[in-house]
Amino acid sequence: MKKRILVIASIAVLVVAAAAAVFALAKGHPGMHRMGQGMGPGHGEMLEHMAKVLNLTDAQKQQVKAIMDSTESVAKDIHAKLEETQKQLAAATANGQFDEAQVRTLANQKGQLEADMTVEHLRAMSKVFAILTPEQRVKAEEIHKHMGPPRGPGGPDSKE
């Protein structure tokens, strides 16, 4: 059971980690701003685990790493913009202030950035899927199917 959870989590990280970070960042959760500044050692560990689970070749590992690096670069830019928008929203509503037009404009900007992040990560998922063999695709789909709906900030189990 632990191995299954680890496999599911590894695949899920590639697909939804940044989206979850965006939602957390947008809701002002502390510590999430660093997600776009490099994934650190976990990036390589996740890639290696995914490589093992899907039995990726060395060439596929290099391609997945390039996709992840490219996505991370774009995500970093989007995260910076989201962080700035969140600061502007906080300032616009500090001390009970509320200018609906300003808040609506900022909320729309935030929504567009979240949409951009979702598109970027689904694009990356599509690119990764395209380099998989038919057998690897079946296994990835099976794992994805067992993951169920997204959890965490904004997901169905969220209390927010």
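These exercises walk through a predicted model of one protein chain.

**Exercise 1. Find out how far the model can be trusted, and where confidence drops.**

Start with the whole chain. Its average pLDDT is 76. Of the residues, 65% score at least 70.

Next, look at the low stretches. Over residues 4-10, pLDDT stays under 50. The model has 10 contacts beyond four places in sequence for that stretch. Over residues 12-41, pLDDT also stays under 50. Here the model has 51 such contacts, again beyond four places in sequence.

**Exercise 2. Identify the largest nonpolar core and the elements that build it.**

Begin with the count. The largest nonpolar core has 15 residues. Those with the most contacts inside it are Met-50, Leu-54, Leu-56, Val-64, Met-68, Val-128 and Leu-132.

Then assign elements. Four helices give two or more residues each: H2 (41-54), H3 (58-92), H4 (100-131) and H5 (134-147). H2 gives the most, with six residues.

Now zoom in on Leu-56. Leave out residues up to four places away in sequence. Leu-56 then touches Met-50, Ala-51, Lys-61, Val-64, Leu-132 and Gln-136.

Finally, check for another core. A second, separate core has five residues, including Ile-78, Leu-82, Leu-113 and Met-117.

**Exercise 3. Place Met-117 and decide whether it is buried or exposed.**

Step one is the element. Met-117 sits in helix H4.

Step two is accessibility. The cut-off for buried is under 20% relative accessible area. Met-117 has 1% relative accessibility, so it counts as buried.

Step three is distance. Met-117 and Ala-75 are 42 residues apart in sequence. Their C-alpha atoms are 6.7 Å apart in space.

**Exercise 4. Work out which residues of H5 are buried and how they are arranged around the helix.**

First, take the span of H5. This helix has 14 residues. From first C-alpha to last, H5 reaches 20 Å, close to the 20 Å expected at 1.5 Å a residue.

Second, list the buried residues of H5: Gln-136, Ala-140, Ile-143 and Met-147. Viewed down the axis of H5, they fall within an arc of 65 degrees, so they line one face of the helix.

Third, recall the geometry. An α-helix has 3.6 residues a turn, so residues three or four places apart point the same way.

Fourth, turn the helix over. The face of H5 away from its buried side carries the exposed residues Pro-134, Glu-135, Val-138 and Lys-145.

**Exercise 5. Locate Asn-55 and Asn-95, and describe their backbone and exposure.**

Take Asn-55. Its place is in the loop between H2 and H3. Asn-55 is not a glycine, yet its phi is positive, about 55 degrees. Its relative accessible area is 61%, so Asn-55 is exposed.

Take Asn-95. This residue lies in the loop between H3 and H4. Asn-95 also has a positive phi of about 55 degrees without being a glycine. With a relative accessible area of 83%, Asn-95 is exposed.

**Exercise 6. Describe the surroundings of Thr-85.**

Start with its position. Thr-85 belongs to helix H3. Its relative accessible area is 5%, so Thr-85 is buried.

Now follow the side chain. A polar atom of the Thr-85 side chain lies 2.9 Å from the backbone oxygen of Lys-81.

Last, list the contacts, leaving aside neighbours within four places in sequence. Thr-85 is in contact with Leu-106, Gln-109, Lys-110 and Leu-113. Leu-113 also appears in the second core.

Terms used
Residues numbered from 1 in each chain as written. Predicted model: local features only at pLDDT ≥ 70, side-chain atom pairs only at ≥ 80, totals over all residues. Heavy atoms only, no water. pLDDT = per-residue confidence, 0-100. Contact = heavy atoms within 4.5 Å. Core = buried A, V, L, I, M, F, W, Y, C linked by side-chain atoms within 4.5 Å. Buried < 20%, exposed > 50% of the residue type's maximum accessible area, 1.4 Å probe, protein only. Expected span 1.5 Å × (residues − 1). Arc of directions from axis to C-beta. Polar contact = N/O pair within 3.5 Å; in protein donor to acceptor, adjacent residues only side chain to side chain.
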